[in-house]
Amino acid sequence: MSQGTTVQPMFHPESRQPFGLPLGSVRGLMSVVICAFFWLLLLLPNESPAKSVLAHFFLLGLVLMAFASSPRIAERDVSPFLPWLLRMVFVGGSVAVIALVLVTRDMNVVQARLTPDPDEVKAWWVPFLSTLSGGFAFGLFLRFILGRENHIFLALRAWFSVVGIIMLVLELGLFFAMSSGAGRMDEFLHYWQAVELVVVSSYFGTRA
């Protein structure tokens with residue numbers, strides 16, 4: 001009997017989560033913020049010159065692969081409501097925005113707005129792919145080398161989540177503030193996004 005009580009607490013590799021939230025909540029929050037970029041972009045008036053940026057397609061791909069398709073989010077979670085709610089916001093918000101856009105927006109404008117600039121694709125797809133894959137691999141490396149319950153690993157994972165969310169939220173403001181500008185500000189935003197890809201993908205790597 002005492003043997004059973006000692007084995008039970010030993011198997012909790014996912015017990016300490018960033019912010020103390022249920023498993024999957026941080027990925028869900030990041031996913032909602034990433035999707036919010038596309039929601040806001042699509043809901044802007046037709047006259048707005050804002051155009052999608054390449055980095056967010058990489059982020060969206062990361063979300064679809066590592067969060068939306070993850071079967072572990074609701075497993076063995078003592079409080080699965082928040083991850084479930086964030087999934088509903090992620091899916092329901094996307095469906096609602098697409099339905100509204102189909103009714104109220106000019107599809108030519110929508111298509112043009114969702115097409116990244118060819119010059120940006122040519123100049124930045126390799127750096128963005130490198131930072132995304134490098135960050136994800138780094139997160140995986142830390143998890144395998146240090147172990148899921150290592151205090152240094154848990155601290156690094158928490159910092160990735162905090163910095164990643166802050167950068168994603170700030171980037172929303174940066175992008176829409178600069179959407180009518182060009183030149184150096186655009187260049188600054190690209191470097192910001194490259195660092196952002198490293199941080200966010202590192203967090204997803206620690207949870208893969």
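Buried here means under 20% relative accessible area. The legends below refer to a predicted model.

**Figure 1. Close-up of Arg-143 in helix H6.** Arg-143 has a relative accessible area of 10% and therefore counts as buried. Not counting residues up to four places away in sequence, Arg-143 touches Arg-148, Phe-153, Thr-206, Arg-207 and Ala-208. Thr-206, one of these partners, belongs to helix H8 and is the subject of the next view.

**Figure 2. Close-up of Thr-206 in helix H8.** With a relative accessible area of 1%, Thr-206 is buried. Its side chain reaches the backbone oxygen of Tyr-203 at 2.5 Å. Apart from residues up to four places away in sequence, Thr-206 touches Gly-139, Leu-140, Arg-143, Phe-153, Arg-157 and Phe-160. Phe-153 is also among the residues that Arg-143 touches.

**Figure 3. Close-up of the largest nonpolar core, which has 45 residues.** The members that touch the most other members are Met-30, Phe-37, Phe-128, Leu-168, Phe-175, Leu-197 and Val-200. Two or more core residues come from each of H2, helix H3 (54–68), helix H4 (81–104), helix H6 (118–146), helix H7 (151–178) and helix H8 (184–207). H2 gives the most to this core, with 12 residues.

**Figure 4. Close-up of Leu-197, a member of the largest nonpolar core.** Leaving out residues up to four places away in sequence, Leu-197 touches Ala-55, Phe-58, Leu-59, Phe-128, Thr-131, Leu-132 and Ser-202. Of these contacts, Phe-128 is listed with Leu-197 among the core residues that touch the most other members.

**Figure 5. Close-up of Pro-127 in helix H6.** Pro-127 has a relative accessibility of 30% and so counts as partly exposed. The C-alpha atoms of Pro-127 and Tyr-191 are 9.7 Å apart in space, while the two residues are 64 residues apart in sequence.

**Figure 6. Close-up of Leu-43 in helix H2.** Leu-43 is partly exposed, because its relative accessible area is 33%. Its contacts, leaving aside neighbours within four places in sequence, are Val-97, Leu-100, Val-101 and Arg-105. Leu-43 and Thr-104 are 61 residues apart in sequence, and their C-alpha atoms are 9.2 Å apart in space.

**Figure 7. Close-up of the largest cavity, with a volume of about 30 Å³.** Rolling a probe the size of a water molecule over the atoms shows where empty space is left. The count of cavities of 30 Å³ or more comes to one. The lining of the largest cavity consists of Leu-41, Leu-42, Leu-44, Asn-46, Arg-105, Val-109, Val-110 and Arg-113. Helix H2 (25–43) and helix H5 (107–113) are the elements that give two or more residues to this lining. H5 supplies the largest share of the lining, three residues. Sorted by class, the lining has five nonpolar, one polar and two charged residues. Arg-105, one of the lining residues, is also in contact with Leu-43.

Notes:
Residues are numbered from 1 along each chain as its sequence is written. This is a predicted model: local features need pLDDT of at least 70, side-chain atom pairs count only at pLDDT 80 or more; totals for chains, interfaces and linings use all residues. Side-chain values use heavy atoms; hydrogens and water are left out. On a 1 Å grid over the protein atoms alone, a cavity is a set of points where a 1.4 Å probe fits but cannot get out, and a pocket is an open set with protein on both sides within 12 Å along at least five of seven lines; lining residues have an atom within 4 Å of a point. Grid points are joined across faces, edges and corners, and a volume is the space filled by probe spheres set on the points. Helices (H or I, at least four residues) and strands (E, at least two) are DSSP runs, numbered from the N terminus. Ala, Val, Leu, Ile, Met, Phe, Trp, Tyr, Cys and Pro count as nonpolar, Asp, Glu, Lys and Arg as charged, and the others, Gly among them, as polar. A nonpolar core is a set of buried Ala, Val, Leu, Ile, Met, Phe, Trp, Tyr and Cys residues joined through side-chain atoms within 4.5 Å. Buried means under 20% relative accessible area, exposed over 50%, partly exposed in between (1.4 Å probe, protein chains only). Contact means heavy atoms within 4.5 Å. A polar contact is a pair of N or O atoms within 3.5 Å; within protein, one must be able to donate a hydrogen and the other to accept it, and residues adjacent in sequence count only if both atoms are side-chain atoms.
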